[in-house]
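Me: Please take a close look at a single part of this structure, and then follow the side-chain contacts elsewhere in the chain. I am new to it, so explain each term once.

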Amino acid sequence: MQKYIFSFFLFVFSFTLSAQDLKRVQKTLDTLCHETFFGRGYLQQGDKKASQYLAQRFKEVGVKPFQETYFQPFEMAINTFPETPTLQIGKTKLMIGKDFIINALSSSGFGSGKIYQLDERIFTENKNQSSNEFLGQFLNTNLRDKVLVFDGDLESKFSEMPRSFFKKMAEAKAHIKLKTKLTASVATQCYPDFYPPIFEVLRTKFPKKVQKIIFSVRSEFISNYGSQNVIGYLDGTRHSDSVLVITAHYDHLGGQGKTVYFAGANDNASGVSMLLEFAEYYKKNPLKYKVVFLLFGAEEAGLIGSKFYTENPIFPLSNIKFLVNLDLVGTGDEGATVVNASIHQKEFKILTKINENQQLLPKIQMRGRAANSDHYFFSQQGVPAFFIYTLGGIQAYHDIYDQSGTLPLTKYTELFQLIRQFLEQL
Ligand SMILES: [Zn+2]
């Protein structure tokens with residue numbers, strides 16, 4: 001009975017992040033989102049600097065490296081835009097990041113040209129080239145001194161078009177895609193030099209009745225960029241080959257030009273900061289299993305760091321008892337989603353039971369397999385894994401507004417508490 005009361009006591013007053021811990025979380029977020037790390041991407045060595053900071057944090061906490069180093073280097077290809085791109089529409093100079101961005105695949109280009117607006121009736125008319133007069137008109141237009149402007153929503157219809165359409169597109173001096181929201185990305189490929197550079201412009205910033213556009217962008221394609229994962233572990237209290245793994249990607253999109261960068265607070269400074277809090281916690285309160293911390297690079301470029309890890313694991317992947325991947329955990333007023341929940345129903349039950357008992361998140365949504373973050377290649381290798389992300393809160397995503405100062409962290413402590421207890425019950 002005594003024992004029962006004692007454990008009940010523990011259950012109700014289970015550990016949560018203190019005000020002091022949350023201060024440290026905010027500091028981690030602010031540091032990772034700082035200009036020094038330039039969006040933790042491929043300009044100004046942002047990813048490298050961030051990885052060094054994280055290795056230092058590991059060291060301070062007492063997280064051990066597997067060999068002598070926390071780093072696992074790998075090479076990748078990446079398209080970058082080291083000079084500040086410019087875009088002037090009529091007399092209006094647009095602002096990079098805010099009003100426009102460069103498409104990740106864009107090649108270099110500069111100059112000026114008259115606007116040619118793509119007629120959307122091309123896509124609604126009969127697809128048969130001979131009877132589509134709008135397509136016929138387009139194919140007969142000389143685009144060599146023109147900037148082709150089109151609605152970004154039309155792009156989904158391009159795949160139905162004949163080759164001649166793409167050949168004509170390639171003739172233009174530059175492309176301008178009009179978007180309702182600017183969503184940046186990074187690419188491991190680049191369009192060939194003869195293909196026009198691609199600007200993505202907010203629809204509301206594109207003035208009407210304008211004739212001329214002046215533009216410049218320089219892309220630098222790096223075929224062998226050196227990036228790295230950051231890896232460490234904490235011993236468990238029992239001797240066992242089984243390990244629990246917590247993962248998060250520390251990279252983001254870097255920047256475009258010399259001053260504009262994507263801070264990536266929710267994506268994924270939030271997950272990295274939580275992983276570091278788990279390290280702090282398990283250092284003081286060791287689990288029975290060893291806990292391995294995997295901070296991946298180059299997630300945004302196509303899960304490159306985590307794929308590399310699964311192809312070059314430091315210990316057998318089959319030793320992983322369970323893996324939890326944290327990516328986009330800075331909100332939560334609408335709960336969270338668990339990818340792979342339908343595959344690992346037993347574990348999902350453990351998770352939802354803790355949540356029901358303690359009312360931590362308003363809801364936990366079940367999702368199946370998805371190739372949307374770093375858990376994916378582990379899942380493909382048969383490693384049991386959850387990818388947990390929070391819902392609601394902010395609209396910012398892959399844009400300059402995903403900043404540490406405005407990240408609400410609505411259910412951050414609750415999620416921490418939920419995952420902590422989940423790992424303890426495995
Ligand atoms: Zn992410």
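Reply: Both H249 and D267 are buried (under 20% relative accessible area; exposed is over 50% and partly exposed in between, with a 1.4 Å probe and protein chains only). This is a predicted model, in which local features need pLDDT of at least 70 and side-chain atom pairs count only at pLDDT 80 or more, while totals for chains, interfaces and linings use all residues. Residues are numbered from 1 along each chain as its sequence is written, and side-chain values use heavy atoms, with hydrogens and water left out.

H249 and D267 belong to the zinc site: H249 gives NE2, D267 gives an OD atom and D327 gives OD twice, at 1.9 to 2.7 Å. Donors are N, O and S atoms within 2.8 Å of the metal (3.2 Å for Na, K and Ca); water is not among the atoms, so sites may look incomplete. The angles among the four donor atoms run from 50 to 142°, and the site is irregular. Four donors would be tetrahedral with all angles between 85 and 135 degrees; four are square planar and six octahedral if opposite donors are over 155 degrees apart and all others between 65 and 115; anything else is irregular. Along the chain, the donors follow the spacing H-x17-D-x59-D. H249 lies in strand β11 (residues 243-249) and D267 in helix α7 (residues 265-284), so this pair ties together parts 18 residues apart in sequence. Helices (H or I, at least four residues) and strands (E, at least two) are DSSP runs, numbered from the N terminus.

Beyond the zinc site, the whole structure holds 30 aromatic pairs. Rings of Phe, Tyr and Trp (its six-membered ring) pair if their centres lie within 6.5 Å; planes under 30 degrees apart are stacked, over 60 edge-to-face and the rest tilted. F386 and F422 are stacked, because their ring centres are 5.7 Å apart and their planes at 20°. F386 sits in strand β18 (residues 385-390) and F422 in helix α11 (residues 412-425), so they tie together parts 36 residues apart in sequence. F386 and F422 are both buried. F387 and Y389 have ring centres 5.0 Å apart and planes at 40°, so that pair is tilted. F387 is buried at a relative accessible area of 2%, and Y389 is buried at 14%. One aromatic cluster is formed by Y116, F123, F138, F150, F158, F165 and F166.
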